[in-house]
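User: I'd like to walk through this model with you, one question at a time. Can you take me through the reasoning each time and finish on what I asked for?

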Amino acid sequence: MYTLQNFDLDIFLRDYWQKKPMLIKQGFQLFEDPLDEHELAGLALEDNIDSRVISRDKQNWQVSHGPFNDINQHCVGAWSLLVQKVDQFIPQADELMRTFSFIPYWRMTDLMVSFSNTDAGVGAHIDQYDVFIIQGKGSRRWQVGLPAEYGESLPHPELRQINSFSPVIDEILSAGDIIYIPPHHPHNGIALEDCMNYSVGFRAPSEQEMLTSFADYALEHNLFNQRYKDKSITPRAYPGEIKQQELSHFKHLLSSTLTSSSFEQWLGKYLSETNRLSNNEVEEDEHYSEEEIVGLLADGVYFLREPGIKPIFIESQATDNTDFIFYIESQSFAVPLKGRDFVLNFLNSPAYSTELVETPKSCLFFTQLLTKLVNSGFWLPE
């Protein structure tokens, strides 16, 4: 349904990605919105969905968070409704986001969708992540500048804006146009009429975030439990001195775990976690048995990948001869190495049935895998 046009991937990755902004006119020709503002407002009523309304009435800015009982009372003046992780709930939105999978899944965060009335925006600001913004129905004026030191203002405790910047892009976007904005580039979008926008965001974890997560993983799995040893201790003139060889020993003590397979296992789980909101995990007393899955496969039933599911795996080394392991939402799944290619094709397809794909003759591992995925709510029989 969505195919990128007027876009050279090699040029983009070489000259623009994380370097400078880019305007893609008619990146999607004859663009169709995957949902409308009424469906978006419906999502904002749900308890488990992150939504907010940002409004400006003259110079008075307000931020209101969902879930909303009566969203209209928050829509004052120029206002925008923003809803996070729409790709996890709307299959067409998930399809739109996957159009940008030339950037790997583990870098993707979510698809944020916004509806704005005339003159609405969130103010000039700077983000710490890459984003593609797709213009849906209506039109919006976008201005994008270059990184620099900018004066900040806080018109509301939840809105960090910058005072002004000189744009290097100043364009009006209409349906199907796309703008790419790298981190640290100031930008401002003002709706010229009622309009929809779709923001494909990309995660960029900080060192602090990774260290915190890995520390929790290490405690949970009893890692970093070796103690310091100094069988070759040497005398020194000053008892307070730490020798360079001791400093190296301390670094090695920590790095030995960072270079182990434990680090890879943590990384796969960490990067696959999206804090998924649309969780259709089957209750334990309603779990499918392997025999039931085999029967459904034999009947030609389709198994559909749930929106927002983006499996990841770590590239294998030439010497690897262990199972093929992939990760979804911090869960790890292992299959025999001989089934790697078949499983990868399965993971990359939105739908599976024996009518579409020939199942391997020795498919016990696959029925076991499919059973786990279904009972986790990641694939569901149609």
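User: Let's start with Thr371: is it buried or exposed?
Analyst: Bear in mind that this is a predicted model. Thr371 has a relative accessible area of 6%. The cut-off for burial is under 20%, so Thr371 counts as buried.

User: Which helix does Thr371 lie in, and which residues does it touch, leaving out those up to four places away in sequence?
Analyst: Thr371 is part of the helix that covers residues 364-375, namely H9. Leaving aside residues up to four places away in sequence, Thr371 touches Tyr288, Ser289, Glu290 and Ile293.

User: On to the strands. How many of the residues of strand E4 are buried?
Analyst: E4 takes in residues 78-83 and is mostly covered. On one side sit Ala78, Ser80 and Leu82, and on the other Trp79, Leu81 and Val83, all of them buried. That makes the count for E4 6 of 6.

User: How many bridges join strand E2 to E4, and which residue of E4 does Ile54 stand opposite?
Analyst: E2 (residues 51-57) and E4 run antiparallel, with 6 bridges joining them. Across from Ile54 in that pairing, the residue in E4 is Ser80.

User: And what about E5: how many bridges join it to E4, and what is the bridge partner of Leu81 there?
Analyst: E5 spans residues 108-116 and runs antiparallel to E4, joined to it by 4 bridges. Leu81 is one of the buried residues of E4. Its bridge partner in E5 is Phe115.

User: Why is strand E12 described as largely enclosed by the rest of the structure?
Analyst: E12 covers residues 187-191 and pairs antiparallel with strand E7 (residues 140-144) through 5 bridges. Within that pairing, Trp142 stands opposite Gly189. E12 is largely enclosed because its buried residues number 4 of the 5.

User: Let's turn to charges. How many salt bridges does the count come to?
Analyst: Side chains of opposite charge can pair when their charged atoms come close. The cut-off for such a pair is a nitrogen to oxygen distance within 4 Å. By that rule, the number of salt bridges is 12.

User: How far apart are the closest N and O atoms of Arg14 and Asp15?
Analyst: Arg14 is exposed, at 54% relative accessible area, while Asp15 is partly exposed at 26%. The two form a salt bridge, and their closest N and O atoms are separated by 2.9 Å.

User: What about Asp341 and Arg340: what is the distance between their closest N and O atoms?
Analyst: Arg340 is partly exposed, its relative accessible area being 25%. Asp341 and Arg340 form a salt bridge, with a closest N to O distance of 3.2 Å.

User: Asp94 and Lys310 also meet in a salt bridge, so how many residues apart in sequence are the parts that this pair ties together?
Analyst: Their side chains meet at 3.6 Å, N to O. Asp94 lies in helix H3 (residues 91-98), whereas Lys310 is in the loop between strand E14 (303-305) and strand E15 (324-328), so the pair ties together parts whose separation in sequence is 216 residues.

User: Are Asp94 and Lys310 buried or exposed, and which residues are linked with them in a network of salt bridges?
Analyst: Asp94 is buried, and Lys310 is buried too. Both belong to a network of salt bridges, in which they are linked with Asp87 and Arg98.

User: Now the backbone. Where is the cis peptide bond that leads to Pro67?
Analyst: Pro67 is in the loop between strand E3 (60-65) and E4. The bond has an omega near 5°, which is cis, and it runs from Gly66 to Pro67.

User: What is the phi of Gln26, and what is the phi of Ser330?
Analyst: Gln26 lies in the loop between strand E1 (22-24) and helix H2 (37-43), and at 28% relative accessibility Gln26 counts as partly exposed. Ser330 is in the loop between E15 and strand E16 (331-335), and Ser330 is partly exposed as well, at 27%. Neither Gln26 nor Ser330 is a glycine, yet each has a positive phi. For Gln26 it is about 50°, and for Ser330 about 70°.

User: Last one: which residues make the nonpolar surface patch?
Analyst: The patch covers about 260 Å². One of its residues, Leu254, lies in helix H5 (residues 244-258). The full set is Phe224, Leu254 and Leu258.

Definitions and conventions: Residues numbered from 1 in each chain as written. Predicted model: local features only at pLDDT ≥ 70, side-chain atom pairs only at ≥ 80, totals over all residues. Heavy atoms only, no water. Helix = DSSP H or I, 4+ residues; strand = E, 2+ residues; numbered from the N terminus. Buried < 20%, exposed > 50% of the residue type's maximum accessible area, 1.4 Å probe, protein only. Contact = heavy atoms within 4.5 Å. Patch = residues over 30% accessible without salt bridge, like charges linked within 9 Å, V, L, I, M, F, W, Y side chains within 5 Å. Areas by Shrake-Rupley, 256 points an atom, 1.4 Å probe, with all protein chains shown as cover. Pairing = 2+ DSSP bridges.
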